[in-house]
Each structure stands twice: as C-alpha cells, then as structure tokens.
Amino acid sequence: MDTYADLVFLGGRVVTVDARFTVASALAVTGGTISAVGGREDIAPLVGPGTRVIDLRGATLLPGINDSHLHGCAFGMAGPPLSLDLGHPAVSSLADVAAAVRQAVGRAAEGQWITGHGWDTGYLDECVTDPSRQPSRHDLDAVSRDHPVVLYSFSGHATWVNSKALELLGVDRYTVAPPGGALVTDDAGEPTGLLHEGAQALVQNALPPLSRQERTDAIRSTLATLARLGVTSYTEPGLGPGGDGIMRGALGRQTLDVYHQLLADGELTARVGVLLLPTGMTSTAEEFARTLDALGRTTADPRRLAIHGVKIFADGIVPNKTAWMHEPYVGGGSGCLCVGGGTDAERITEIDAMIRHAHAAGHQMGVHVTGDRAIDTVADAFAAAMAAHPRPDARHYLIHGDFLTPHSMKVLAAHGFGVNMNPTIKWTVADMEEDFVGAGRAAYAWPYRDALDAGVRVASGSDAPVTHPDWRQGIATMMLRESKATGRVSGPEQRIGLAEAVRTYTIDAAWQDFADDWKGSLEPGKVADLCVLDGDLLAADPHDIPDLPVVLTVMDGQVVHDTLRD
C-alpha cells in the first residue's frame with residue numbers, strides 16, 4: 001500500500017447516517033479524512049505499521065455530534081467555580097438555594113457579588129406545592145444582607161436578586177422596566193426581586209464584565225465537557241454587541257475575540273459556528289441594521305470557526321408568559337413580540353424590517369421564537385424577505401420553535417427553511433408547561449413528528465446552559481416523549497424514530513451550518529469527526545440510551561477524548 005490509514009475501526013456498528021442510513025462494520029481514517037467505509041475485508045488492507053486499530057467489539061461508531069444551539073462561554077461560566085450550581089438535582093427547594101448562597105457568603109470577600117445559575121421553579125418544592133409561590137428577595141435577604149446576590153434561571157429569561165442587589169441597581173417601586181422587560185412586584189407594588197426578559201439588563205449593566213481570562217477558562221471548560229460527550233461541533237448562537245449585557249458579557253464581542261485566539265492557539269477541540277448578535281432582546285430595526293452593517297464576518301479557518309449568520313429575538317418563553325401566543329395563557333395574557341414598537345402592528349413591522357435587512361445583506365437568520373403567533377409572524381417574514389430579494393439556499397431557521405403551526409411548517413418547507421428544536425428542554429419542562437398553556441398545548445410543544453412529516457429540516461440543540469448538552473438524553477426524549485420530573489408521556493403522537501433523531505444531531509445539524517457536504521455523516525471524503533458509544537445504539541431500549549458511555553471522540557482525525565486505553 002502507498003498510503004496506510006492512521007486510524008481503523010473494526011467489528012462495530014458503523015452508523016453512517018448517509019442518505020439510506022447505511023450501517024457498516026468498519027471504517028478507516030487517513031489524514032483527518034474518512035478514507036474508507038465498509039466491511040473488515042474492505043478496511044483490513046489499509047492497516048499498516050503505524051495504524052491504530054480499534055476493535056469496537058460491537059460498539060457503535062457515529063458521526064461526531066453537532067449540538068446546533070449551545071452557548072459555549074455561558075455554559076462554561078454557569079457552574080463552579082464561576083457560579084453556584086442551582087439546577088436540579090443540586091438543589092430541590094428554595095431553602096436549598098438559600099443554603100447554597102449562605103455558604104458562598106461565608107467564603108466571599110466583603111461586598112462581593114454572589115452569582116448562581118440554573119434555578120427552575122418546576123423543581124423547587126415550595127413552588128411545585130404552590131405554583132403561586134415564586135422566588136423572592138426575602139428568601140435571599142435572610143442569608144445575605146450585605147452581599148448582592150444574582151441568580152440566573154435555567155432558561156436565561158429570568159433573574160432573581162436580593163434586596164442589596166436591588167439597592168445597588170437603584171431599582172424600587174418607582175422604577176420603570178426597560179421595553180420588553182418586566183420587574184415583578186408584590187401586592188404592595190414593591191419589587192419582589194424577579195426580573196424578566198429585557199429587565200435583566202439592569203443587573204448585567206451593574207455587574208463587572210467577565211475578564212478575558214474568565215472567558216477563556218469558561219470556553220476551555222465547555223470544550224472539555226463536549227469532548228467527553230462526543231460533541232465535535234456546536235453553534236454559538238449569538239455573539240456581538242447585543243450580548244455585551246447578557247450574563248456578564250458572555251455573549252458579547254470580547255467572547256468572539258477569545259474564540260479567535262483559541263483557534264490561533266490550536267485549542268478548539270470542536271468546530272464552532274457563530275451567529276452574530278447585533279442588538280439585544282429589545283431593539284428597533286434601525287438600530288439593528290446600523291449595528292449589523294458595522295460587524296465583520298471573516299475568520300482564519302471557517303471549518304473550525306465560522307460566522308454563519310445573525311440572531312435576533314422575536315419573543316420570550318412560555319414559563320414567563322412572554323412567548324406570543326394565538327390563544328391566551330392559563331390565567332390570561334398572550335405575550336407579545338419583544339422588538340421595539342408600541343402596538344402589535346408596529347412590532348410586526350419592526351421584525352419584518354430586521355429580517356428583510358439581514359436577508360438582503362446575505363446573512364443566514366436564526367430567530368429566537370417560541371409562541372405560535374410569533375412563529376407564524378417570523379415564518380411569513382422569512383418568506384416575504386425571500387420574495388423581495390430572491391436568494392438560493394438561505395437556510396434561515398427558527399430557534400426553539402416550541403409551538404410550530406401547520407401554517408408555519410408549510411412556509412418553512414416550501415422555502416427550504418429550518419427549525420432548531422430542543423429535546424432536552426422538552427424533557428425538562430414538559431410537566432411544568434401545563435400550568436401555563438394547559439395539557440393539550442404542553443403535550444404538543446416541540447412537534448418533531450409533524451415538522452418532519454411536513455418536510456421541514458430539523459436540527460437539535462441543548463441550549464446549554466439551559467440544559468446539559470447530553471444528546472443521548474435528547475435522542476431518548478425524541479423517541480419516548482417522557483418528562484424528567486415524572487416520566488409521564490407528553491405528546492406521544494410527536495415521537496420520532498432513532499434514525500430520524502440521530503439525523504437531527506448530525507447531518508441535519510450540518511445542513512444548518514452549510515456543511516452537510518463535508519461533515520455530518522460517515523462517508524469517504526468527509527472529515528473524520530467521530531463518536532464511539534460503548535454499546536449497540538441500534539438495539540438499545542430508548543430508556544437505556546442516556547447511559548451508554550461515550551468512550552472515544554475524534555475531531556478532524558485527532559483523538560480528543562479516549563477511555564479505550566484505560
């Protein structure tokens with residue numbers, strides 16, 4: 001042989017995710033590229049003196065996983081040592097949160113801000129017992145009177161602070177929330193310490209921004225976690241001036257600079273696609289267009305770090321009742337678009353103009369949108385932008401798309417647009433959402449089956465740090481539609497099969513990245529981004545999939561996680 005393979009896999013279930021979802025038994029890698037796929041007899045001649053040969057012994061070889069919606073810097077900073085872990089099961093009650101804050105106060109320097117991340121009322125005993133019971137500054141004041149406390153919800157759409165923080169922020173009963181935000185008040189009109197949506201900017205503007213070293217350490221932590229999970233690509237959905245005030249600037253311009261430095265230093269062990277975030281959660285079309293036009297779009301190695309397009313926020317989320325819905329929430333209210341404008345009509349005009357401007361400038365659009373009325377509005381705006389400025393293969397997509405309607409699915413499919421769904425969020429909030437939208441709508445949320453049947457291209461992402469970026473749980477949820485809290489089935493008619501679920505994390509996520517011609521499946525000539533599961537994924541009970549260990553991760557032919565040698 002003139003050229004031997006660098007890495008050879010034999011005796012496994014090689015799930016190619018090609019057009020026919022072919023399953024082979026062997027694969028070879030040469031120089032960072034998949035050089036051959038087939039049976040042992042096809043691959044054995046490629047073994048030379050320097051070839052590493054891995055006997056899979058029936059294990060599963062998959063394309064490297066592509067988490068198509070993951071906030072890399074924010075995920076890295078959302079846990080210790082940069083932030084208290086307040087997610088389930090680390091805490092199970094408001095009392096547990098207070099205890100964690102008390103311990104942090106004991107370690108903190110005088111006046112230091114205490115930060116935490118991940119609280120979720122659906123997993124706090126007092127709130128589950130009494131849904132009207134919400135987190136309050138009083139819960140935190142008892143353990144931290146002199147230290148300002150800022151605790152981010154799991155969703156990133158609500159922040160909980162104590163009285164000291166409110167004092168430093170200058171927030172009182174007379175404070176007017178920024179447009180698109182809400183300062184929750186009690187019956188006496190006093191702020192409770194909960195800030196929703198755009199009002200969170202009041203907190204972010206007061207906190208010291210992350211240092212460059214903190215950003216670097218956070219991203220390095222994320223990369224290490226993703227390597228252990230078999231994730232070789234992810235989309236960082238929103239970096240730019242609009243993120244300077246979100247999570248201490250984790251989504252800001254300086255974070256993109258850190259990614260460029262990590263690329264230059266050879267430290268990116270996953271491929272990163274970026275959506276630019278010109279403006280924050282509430283803005284006008286004029287501000288958006290002016291800021292977008294001033295942003296650069298180039299990188300040194302677009303297969304490692306690529307600027308794909310632009311992100312905007314259309315509405316909020318269901319648990320805050322800020323997603324814009326056709327029918328009212330339980331208890332009233334329908335939410336609204338979160339862009340500038342005093343009426344629904346004005347806000348529709350603004351978001352139409354933002355989408356049209358970005359489309360005409362040649363950008364891919366990823367739009368955060370969750371409510372069914374907002375989804376219809378954005379899908380129609382995509383179509384109108386395409387009609388005004390025809391562009392082949394724009395690949396715009398809805399981010400989250402919780403309540404896709406038949407109308408929106410038809411529009412997306414007709415124009416080659418997509419949707420980025422979040423099965424691990426579905427798993428997390430399925431029971432809780434019934435309190436806001438009723439049992440029927442809660443069960444329907446994230447309608448994978450209907451979307452695929454309508455011909456919509458669907459990618460899956462974790463939205464980390466909203467949920468842990470464990471694609472194995474995501475696949476199980478797509479197949480089972482069972483909830484995290486109770487295991488109850490939520491919308492069985494929206495279940496999809498294993499092959500369909502795997503595609504959302506591989507080839508269809510690569511499509512979102514404009515990269516399905518060179519990654520996302522195990523075919524000769526494509527990059528050697530690989531993930532090995534210790535077990536037969538194709539024969540596994542879906543309930544057991546989350547427990548299948550990831551034993552090897554390869555990115556661009558380089559091993560970045562390996563327990564096979566242990």
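Here are a few exercises on this predicted model, each with a worked solution.

Before you start: residues are numbered from 1 along each chain as its sequence is written, and side-chain values use heavy atoms, with hydrogens and water left out. Since this is a predicted model, local features need pLDDT of at least 70 and side-chain atom pairs count only at pLDDT 80 or more, while totals for chains, interfaces and linings use all residues.

**Exercise 1. Work out what span helix α8 should have, and check it against the model.**

Step 1: Helices are DSSP runs of H or I with at least four residues, strands are runs of E with at least two, and both are numbered from the N terminus. Helix α8 covers residues 212-229, which is 18 residues.

Step 2: The expected span is 1.5 Å times one less than the number of residues. For α8 that comes to 26 Å.

Step 3: The end C-alpha atoms of α8 are 26 Å apart, which agrees. Right after α8 comes glycine 230, with a positive phi near 80°.

**Exercise 2. Find where histidine 368 sits, and decide: buried or exposed?**

Step 1: Look in strand β18 (residues 364-369); histidine 368 is there.

Step 2: Buried means under 20% relative accessible area, exposed over 50%, and partly exposed in between (1.4 Å probe, protein chains only). Histidine 368 has 2% relative accessibility, so it counts as buried.

Step 3: Now look for a partner. The side chains of histidine 368 and histidine 400 share a polar contact of 3.3 Å (a pair of N or O atoms within 3.5 Å; within protein, one must be able to donate a hydrogen and the other to accept it, and residues adjacent in sequence count only if both atoms are side-chain atoms).

Step 4: Zoom out to the strands. β18 and β19 (residues 397-400) pair in the parallel sense over four bridges; strands count as paired if DSSP finds at least two bridges between them.

**Exercise 3. Which parts of the chain does the salt bridge between glutamate 500 and arginine 449 tie together?**

Step 1: A salt bridge is a side-chain nitrogen of Lys or Arg within 4 Å of a carboxyl oxygen of Asp or Glu. For glutamate 500 and arginine 449, the closest N and O atoms are 2.6 Å apart.

Step 2: Glutamate 500 lies in helix α18 (residues 498-504) and arginine 449 in helix α16 (residues 448-453), so the pair ties together parts that are 51 residues apart in sequence.

Step 3: Check the surroundings. Glutamate 500 is partly exposed at 28%, whereas arginine 449 is buried at 18%.
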